Amino acid sequence: MKRFEDKVVMITGAANGIGRACALRFAQEGARVACLDMAAEANESAAEECRSEGVEALALLCDVTSKESVQDAVNVVLKAWGQVNILVASAGVYTGSPLEEVPLEQWLRTVNINLTGVFLTNQAVAPLLMKQKSGSIINLSSMAGKTSFPASAEYSASKSGVIGLTRSVAMELAPFGATANAVCPGNTLTDMVRGVAEKVGKLDGLTGEEWLQMRASDCPMNRLAEPWEIAGVIAFLASDDSRYLTGQSIEVDGGMVLS
Ligand SMILES: NC(=O)c1ccc[n+]([C@@H]2O[C@H](COP(=O)([O-])OP(=O)(O)OC[C@H]3O[C@@H](n4cnc5c(N)ncnc54)[C@H](O)[C@@H]3O)[C@@H](O)[C@H]2O)c1
């Protein structure tokens, strides 16, 4: 039997990058997958990719900053499959600028998507896990939630917030046998990081490609991560092998934060 054959997983930010790699990984391991994202076309293609692995998959248009939109998505999943066992909260944005140039709107938007979005999805799914006395929540933080870089005030703050939020959710879930953990990836080759490379690279007088190479050589493993490498750790955190592991924020960064 595949590891997640009897499980239902909801993934925010499933249309691209790490969320999409998670959708595929859970599909390959037998889960029914609900892909939640605002990018409708890419989200449908993520769900289609899951179906091609022989599982059921739903593509749901969802804005994680809207309580209503999140609850609507949960309701559709419950109507279709009657349960939610795993939540992966991967929807996020990066909007780095030097501190004095961060417009208030940019701060609010980043915190709203990266932190409030995680709060709203956790709040909608946690009671289901408590009721069924099992299940896992995995929230995407970042190495930027553990350490800091210039020009990332709102991003770092939102990702540190995810770590604190996850700890608190873990404490509430623990008596019910369910877990919540955060994953803190290093630079991972997705559209997000390519966008960061272009934007932050410019501040250092580098092209996007040069900035990516610089970050790779900063990393003790001398390379950036592939999205499937993050998805593998997330699948472990959703599996029975990690039943006694909760409230942690795990660096999956090739040793970046340690260095
Ligand atoms: N790529 C990296 O290097 C890296 C490193 C550390 C942490 N992370 C975190 O991992 C997560 C995934 O990042 P990624 O690199 O895959 O990014 P990505 O840009 O490739 O994908 C993010 C997805 O989130 C979706 N999204 C954005 N706002 C949304 C909203 N309001 N509602 C629903 N969906 C929304 C986007 O449409 C997109 O599909 C993010 O939380 C990010 O902060 C990424």
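**Ligand shell and strand β6**

Of the 29 residues around the ligand in this predicted model, the nearest are Gly13, Gly17, Gly92, Thr190 and Met192. Elements giving two or more residues to that shell are α1 (17–28), α4 (104–132) and α6 (191–203).

User: What makes a residue count as near the ligand here?
Analyst: The C-beta atom, placed from the backbone, has to lie within 6 Å of the ligand. There are 29 residues around the ligand.

User: How do the residues of that shell divide into nonpolar, polar and charged?
Analyst: You get 13 nonpolar, 13 polar and three charged. Watch the glycines: Gly counts as polar in this scheme, so Gly13, Gly17 and Gly92, which are among the nearest residues, go into the polar group.

User: Why is strand β6 called mostly covered?
Analyst: Buried means 20 or more other C-beta atoms within 10 Å of the residue's own. In β6 (residues 179–185), seven of its seven residues are buried, hence the label.

User: Which residues lie on each side of β6?
Analyst: Thr179, Asn181, Val183 and Pro185 are on one side, with Ala180, Ala182 and Cys184 on the other, and all are buried. In a regular strand, side chains alternate between the two faces of the sheet.

User: How do you know that β5 and β6 pair?
Analyst: Pairing takes at least two bridges, and β5 (residues 136–140) and β6 have five, in the parallel sense. Leu140 stands opposite Val183 in β6. Together with helix α5 (residues 153–173), these strands make a right-handed β-α-β unit.

User: What makes β6 and β7 a pair?
Analyst: Again the cut-off is at least two bridges, and four join β6 to β7 (residues 249–252), running parallel. Ala182 has Ser249 in β7 as its bridge partner.

Note on methods
Residues are numbered from 1 along each chain as its sequence is written. This is a predicted model: local features need pLDDT of at least 70, side-chain atom pairs count only at pLDDT 80 or more; totals for chains, interfaces and linings use all residues. A residue is buried if 20 or more other C-beta atoms lie within 10 Å of its own, exposed if 12 or fewer, and partly exposed in between; C-beta atoms are placed from the backbone. A crossover is right-handed if, with the strands pointing away from the viewer, the path from the first strand over the helix to the second runs clockwise.
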